[in-house]
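This report describes a single protein chain, going from its charged groups to its barrel and the helices around it. The sequence and structure come first.

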Amino acid sequence: MDKLIITVAGVGAETTKQAQPNLPVTAVEIGVDAARCAEAGASMYHLHVRDAGGNPTQSKAVFAAAIEEIRKRTDIIIQTSTGGAMGMTADQRLQPLELNPEMASLTTGTANFGDEVFFNDTALMTEFYERMQARGVRPEFEIFEHGQIDNALRLVKKLGPAGPLMHWDFVLGVPGSMSGEPRNLLFLVDSVPKDGCTWTCTGIGRWHMPVTMTALALGGNVRLGFEDNVFYHKGVLAKENAELVGRVARISREWGRETATPNEARQILKLGEYAG
Ligand code: KMH
Ligand code: ZN
């Protein structure tokens, strides 16, 4: 079994300082957070950024500032979001790709998101995928609903691969989309091709630990962080993202599976082998 890749979704677009007072929002805070998470065992950072008012933005300049602060401190894999925040236009969401990040998230289908809708129709996902291919940015297929797997496989069949393997992220527990029941994760994992794929998953809110433990049992990878869950225990806020990383790293090591360093994760994901 490969070493465990822990991805931190440390900022998000929807989490507020009211909900989690220790949410990193400035470039320096995000840089420090990423470094502390890497020390605790994380190898990837799924990056959203905030403007001076703390509101979500997809501004290329704001992403560049955060990436600079992360890079001053750690070699963690940086995966920029193309999801952005609810209601953003495709052009807004595409901006961070202009920085040629190592990876970027890509959701291949529309999903219910609480009372709102995370919109990703065929034209949008095709444009996002083509832009990633053109820039050599490896997508992480961020899946909220089962049909999005089929959409991603169709994209790759039609347009060709965007790397030597497909990396999936199953996001379970968003109200209105698939819940974090173990059977749902099993179904999703079973639905992607056996060869040429790697996967991670995350449980939203109360689903954080159930999804994490199911993933560890299945030999998959894990995403966590304040984008997805702000609590350490029920009703007890996590002090920082690294605290959540540390718990999962400890549990995994106790099971005999070490966490991957960023460079080990690059090898597992074959990031260096991208042909463009
Ligand atoms: N903020 C959500 C609307 C992504 O980063 O690619 C979508 C999201 C997905 O966070
Ligand atoms: Zn995100």
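## Salt bridges

A network of salt bridges links Glu-142, Asp-169, Arg-223, Glu-227 and Asp-228. The model is a predicted one, and a search of the whole structure finds 14 salt bridges.

Lys-60 and Glu-98 form a salt bridge through their side chains, at 3.3 Å from N to O. This pair connects distant parts of the chain, 38 residues apart: Lys-60 belongs to helix 2, while Glu-98 sits in the loop between helix 3 (90–94) and strand 6. Lys-60 counts as partly exposed because its relative accessibility is 33%. Glu-98 is also partly exposed, at 38%.

## Pairs within a helix

Two further salt bridges are formed inside helices. In helix 2, Glu-69 and Lys-72 are three residues apart, about one turn of the helix, and their closest N and O atoms are 2.9 Å apart. The partners differ in accessibility: Glu-69 has a relative accessibility of 11% and therefore counts as buried, whereas Lys-72, with a relative accessible area of 55%, is exposed.

In helix 4 (residues 122–135), Glu-127 and Arg-131 are four residues apart, again about one turn of the helix. Their side chains meet in a salt bridge at 2.9 Å, N to O. Glu-127 is partly exposed, with a relative accessible area of 29%, and Arg-131 is partly exposed at 34%. An α-helix has 3.6 residues a turn, so residues three or four places apart point the same way.

## A buried arginine without a salt bridge

Arg-50 lies in strand 3 (residues 49–50). Which side chain of opposite charge is nearest to Arg-50? That side chain is Glu-14, at 7.0 Å, and Arg-50 is buried yet has no salt bridge. A salt bridge requires a side-chain nitrogen of Lys or Arg within 4 Å of a carboxyl oxygen of Asp or Glu, so a separation of 7.0 Å does not qualify.

The side chain of Arg-50 instead has backbone oxygens as polar partners. One of its polar atoms lies 2.9 Å from the backbone oxygen of Gly-12, and the side chain also reaches the backbone oxygen of Gly-54 at 3.1 Å. Leaving aside residues up to four places away in sequence, Arg-50 touches Val-11, Gly-12, Ala-13, Glu-14, Thr-15, Leu-23, Val-25, Asn-55, Pro-56, Thr-57 and Val-62.

## The barrel

Eight strands form a closed barrel in the order 1-2-5-6-9-10-11-12, with parallel pairing. From one strand to the next, the twist averages 25°.

Strand 9 (residues 138–143) runs parallel to strand 6 (residues 103–106), and four bridges join the two. Within this pairing, Ala-104 has Pro-139 as its bridge partner, and Leu-106 has Phe-141. Strand 9 also pairs with strand 10 in the parallel sense, over four bridges. Phe-141 takes part here too, with Trp-168 as its bridge partner in strand 10.

Are the residues of strand 9 buried or exposed? Six of its six residues are buried. Arg-138, Glu-140 and Glu-142 are on one side, Pro-139, Phe-141 and Ile-143 are on the other, and both faces are covered. In a regular strand the side chains alternate between the two faces of the sheet. Glu-142, on the side shared with Arg-138 and Glu-140, is one of the members of the salt-bridge network.

## Helices against the strands

Helix 2 (residues 60–73) lies across strand 2 (44–47) and strand 5 (77–80), at about 165° to strand 5. Helix 5 (residues 147–159) lies across strand 9 and strand 10, at about 160° to strand 10.

Helix 7 (residues 208–218) has His-208, Val-211, Thr-212, Thr-214, Ala-215 and Leu-216 as its buried residues. What covers the buried residues of helix 7? The cover includes strand 10 (166–172), strand 11 (197–203) and strand 12 (221–224), together with helix 6 (182–191) and helix 8 (241–254). Just after helix 7, Gly-219 adopts a positive phi of about 80°.

How values were computed:
Residues are numbered from 1 along each chain as its sequence is written. Chains are lettered from A and ligands numbered from 1 in the order in which they are written. This is a predicted model: local features need pLDDT of at least 70, side-chain atom pairs count only at pLDDT 80 or more; totals for chains, interfaces and linings use all residues. Side-chain values use heavy atoms; hydrogens and water are left out. Buried means under 20% relative accessible area, exposed over 50%, partly exposed in between (1.4 Å probe, protein chains only). Lys and Arg count as positive and Asp and Glu as negative; His and the chain ends are not counted. A polar contact is a pair of N or O atoms within 3.5 Å; within protein, one must be able to donate a hydrogen and the other to accept it, and residues adjacent in sequence count only if both atoms are side-chain atoms. Contact means heavy atoms within 4.5 Å. Two strands pair if DSSP finds at least two bridges between them. Axes are lines fitted to C-alpha atoms, for helices over the stretch in contact, and angles run from 0 to 180 degrees between N-to-C directions.
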